[in-house]
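Me: Could you take a close look at one part of this structure for me and talk me through it? I'd like one connected answer rather than a list.

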Amino acid sequence: MSAPHLWLRAETKPMEHRAALTPSTAKELLDAGFKITVERSDQRIFDDEEYVKVGCPLVDTLSWKTDAPADAYIVGLKELPENDDSPLHHTHIFFAHCFKNQGGWKEILHRFDAGKGTILDLEFLNDANGRRVAAFGYMAGFAGSAVAIDVWCHQKTKGSETYGALKPYPNEDALIDYTKGRLAEASAANGGKLPKVMVMGALGRCGTGAVEFAQKAGIPDENIIKWDINETKGGGPFPQILDADIFVNCIYLTAKIPPFVTREMMNGDRNLSVICDVSCDTTNPNNPIPVYSINTTFDKPIVPVENTNSYPLDVISIDHLPTLLPRESSDMFSHDLLPTMRELATRSDSRVWQDAEKLFQEKLALSRQ
């Protein structure tokens with residue numbers, strides 16, 4: 001079997017700065033005999049020259065559509081370019097967001113069906129214990145907690161003034177230092193009180209990230225409410241969520257569950273003024289936070305929830321929060337993914353990749369019904 005050819009495509013989602021392959025992991029794969037082609041990108045956190053230095057040739061943005069060999073793996077992170085329904089011929093490795101009946105799931109699968117292409121979905125690459133081989137969960141929770149706290153600070157210091165666009169931070173320390181300053185200002189305006197932050201799914205990777213950011217930002221442990229499966233096994237809705245100032249949802253939704261909150265609950269007395277839905281199951285019919293219906297973006301990070309209460313309630317539903325810390329997020333993810341990428345050299349013998357292809361075929365069959 002010839003060495004695998006990986007084609008790292010440029011991300012086209014606005015404000016997406018991460019990369020599935022970093023220059024350092026690309027170098028390790030090149031040393032293992034892989035061929036790697038990298039599309040030029042002016043929004044990727046890694047400069048094009050960083051890839052050139054390790055031996056990757058550069059090609060034009062989106063040239064995978066016309067120039068990538070049929071046997072090349074097209075590697076990316078987020079959605080393929082919008083407003084395109086052309087057949088897809090290659091094997092794509094990315095987060096397709098179409099295996100859990102999300103909005104538009106049949107349309108994307110029909111494109112692969114028409115072109116006889118394949119999705120090997122990064123979200124469903126699991127080890128022998130069913131645990132994902134690589135995930136952005138920790139960094140998603142970490143960044144989600146940061147944005148939620150910042151929105152709360154904005155509410156306390158700027159009132160109804162519009163919350164502005166988010167921009168990525170060079171590193172974790174810069175984000176923590178910024179948040180500490182914001183909290184000092186906001187708590188002073190709030191009678192010296194820091195927010196109570198409730199994290200749902202606190203024991204998972206994502207929830208751990210959310211809790212640890214709050215701690216690093218200076219919020220005391222007694223103000224961090226950690227809920228997981230034991231606290232939620234009785235089923236929602238949970239009025240306790242209304243007692244927190246900030247609610248960060250970090251669960252991994254796999255089945256229909258009762259909602260955590262309802263829109264009607266927002267009309268009564270509550271401290272809750274910020275929801276960050278890190279899980280972001282916005283278009284999932286089983287979304288457990290059915291108080292909003294759109295994804296927010298780095299340009300417009302919040303959506304207000306209409307209610308009869310004069311107290312504000314803003315929702316953050318950004319589906320690529322780790323790009324707030326793009327270099328660290330990419331390094332962590334790509335490092336964890338590397339052993340599985342190596343297995344592409346013997347894909348027919350790799351349980352991880354075979355399971356991923358089997359899942360794609362199952363979802364493809366469902367899309368034809």
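**A helix and an annotated site**

Reply: Let's start with the buried side of helix 9, keeping in mind that this is a predicted model. The buried residues here are P326, S329, S330, F333, S334, L337, L338, T340 and M341. What do they pack against? Their partners are strand 1 (5-8), helix 1 (23-31), strand 4, strand 5, helix 5 (137-158) and helix 10 (351-367). Helix 9 itself runs over residues 326-342, and its 17 residues reach 23 Å from first C-alpha to last, close to the 24 Å expected. There is a bend of about 35° at D336, with a proline, P339, following within four residues.

Strands 4 and 5, both on that packing list, also frame a loop that holds K78. The UniProt annotation "active site", from an unreviewed entry, covers K78 and H97. These two span 20 residues in sequence, yet their C-alpha atoms are no more than 8.5 Å apart, so they gather at one spot. H97 sits in the loop between strand 5 and helix 4 (105-115).

Buried or exposed: how do they compare with the cut-offs? K78 has 4% relative accessibility, so it counts as buried, while H97, at 26%, counts as partly exposed. Their side chains are joined by a polar contact of 3.0 Å. Leaving aside neighbours within four places in sequence, K78 is also in contact with residues including R9, E11, F94, D319 and H320. On the same terms, H97 touches Q102, D121 and E123 as well as K78.

Note on methods:
Residues numbered from 1 in each chain as written. Predicted model: local features only at pLDDT ≥ 70, side-chain atom pairs only at ≥ 80, totals over all residues. Heavy atoms only, no water. UniProt positions renumbered as here; feature names shortened; annotations may be inferred. Helix = DSSP H or I, 4+ residues; strand = E, 2+ residues; numbered from the N terminus. Buried < 20%, exposed > 50% of the residue type's maximum accessible area, 1.4 Å probe, protein only. Contact = heavy atoms within 4.5 Å. Polar contact = N/O pair within 3.5 Å; in protein donor to acceptor, adjacent residues only side chain to side chain. Expected span 1.5 Å × (residues − 1). Bend = angle between axes of the 7 residues up to and from the residue.
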